[in-house]
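Got the viewer open? Keep your selection box handy, and we'll go stop by stop.

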Amino acid sequence: LSARTEHCLAWRQTGSCSPNGPRESDKDEPCNHRIAVGRSGFCHCRFSGAGVLATAMERTCSHFEESTCAEECRKRSEALQSEGLSEETKVLAAEVAKAASADPCSLPGEEGAPEWCQTNLYAVLAIHCDFALHAPANNEEKNGQENEELKRAYKRRSLQFHPDKRGGSAAAFQRVSEANQVLSDPKKRQSYDEGEDFGRKVQHDGALGATHKEEIEKKYFPERFDFEPFGDPHSDRRESEDRNQKMLERRRQEALAQEAAQKAQLEGRTEEL
């Protein structure tokens, strides 16, 4: 995301209508974007005095005021400097920071997400993707050298991300270990290279859909597959299901926003009486 400001990094979307809910990073917004009613999340800020993670505008789906993170982070920074935050706000901010910090890969900072957060296991170990675990049988020396290449990469990354090292953590160290386990095993590495770790959708009849490799081959080498004059029925059905799911979620969010507005209106009338 771009459009960062002096005090703001971005709006961080969360699910379950709670600022402590699971992260929905695909719905994050830049600092100057107005956050509409019905969205839950928090502003990711940058200023001193707020602990590990600086936040502002921690919101549920029931809030009924639009604002931008650029403005809210600026206000929170001023409030911290003047010690103008209420205890309730401090507690909520601490809870949100604790929940969000549990998954550092979902909160890219000024330099982006940490290196070890990448889904590319070769990048996690900083090793080129065409290294060979097994050389031809008549070249045993080369085989030993290339196995040694992976060992060196794993050792280097393990030391770099060890929990006792600055910048290291248990999550990073575990990620490096998992990458090495996959890439050091020929069968696991082949499965990973072919995309078998990608989830496969379940078809209407209960059978698993195409693998990631099959979908790529079908897209770029359609001549290898049978002709389908009316398109792929499974793909059409999946797209229809996705559209229906998005429509239901949009209606749910609108209903929550309407309910919150009615509640606020009713409270206003009660106060008048």
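One cut-off before we start: a residue is called exposed when its relative accessible area is over 50%, and buried when that area is under 20%. Also keep in mind that this is a predicted model.

**Stop 1: a patch on the outside.** Select Ile 216, Tyr 220 and Phe 221 and switch on a surface. Together these three make a nonpolar surface patch with about 290 Å² of accessible area. Now zoom in on Tyr 220, which belongs to helix α7, residues 212-220. Is Tyr 220 buried or exposed? Its relative accessibility is 53%, so Tyr 220 counts as exposed. For contrast, nonpolar side chains in soluble globular proteins tend to be buried together.

**Stop 2: the cores.** Hide the surface and select Tyr 122, Leu 125, Ile 127, Phe 131 and Leu 183. They belong to the largest nonpolar core, which has 16 residues, and they are the ones that touch the most other members. Which helices each supply at least two residues of this core? Colour α3 (121-125), α4 (140-160) and α5 (170-183) and you have them. Next, pick Cys 8, Trp 11, Ala 56 and Ala 70. These are among the 13 residues of a second core, separate from the one you just looked at.

**Stop 3: the sheet.** Go to cartoon view and find the open sheet of three strands, ordered β1-β3-β4 with antiparallel pairing. At its edges sit β1 (8-13) and β4 (54-59), each of them pairing on one side only. Look along the sheet, too: neighbouring strands are turned by 20° against each other on average, ignoring direction. Then show β3, residues 41-45, alongside β4; four bridges join this antiparallel pair. For one position to click on, take Cys 43, whose bridge partner in β4 is Ala 56. Ala 56 is also one of the residues in the second core from the previous stop.

**Stop 4: two backbone oddities.** Stay on β4 and select Met 57, which lies in that strand. What is the phi of Met 57? The value is near 50°, positive in a residue other than glycine. Met 57 also counts as buried, because its relative accessible area is 6%. Finish at Cys 17, in the loop between β1 and β2 (34-35). Cys 17 is not a glycine either, yet its phi is positive, at about 55°.

How values were computed:
Residues numbered from 1 in each chain as written. Predicted model: local features only at pLDDT ≥ 70, side-chain atom pairs only at ≥ 80, totals over all residues. Heavy atoms only, no water. Patch = residues over 30% accessible without salt bridge, like charges linked within 9 Å, V, L, I, M, F, W, Y side chains within 5 Å. Areas by Shrake-Rupley, 256 points an atom, 1.4 Å probe, with all protein chains shown as cover. Salt bridge = Lys/Arg side-chain N within 4 Å of Asp/Glu carboxyl O. Buried < 20%, exposed > 50% of the residue type's maximum accessible area, 1.4 Å probe, protein only. Core = buried A, V, L, I, M, F, W, Y, C linked by side-chain atoms within 4.5 Å. Pairing = 2+ DSSP bridges. Axes fitted to C-alpha atoms, helices over the stretch in contact; angles between N-to-C directions.
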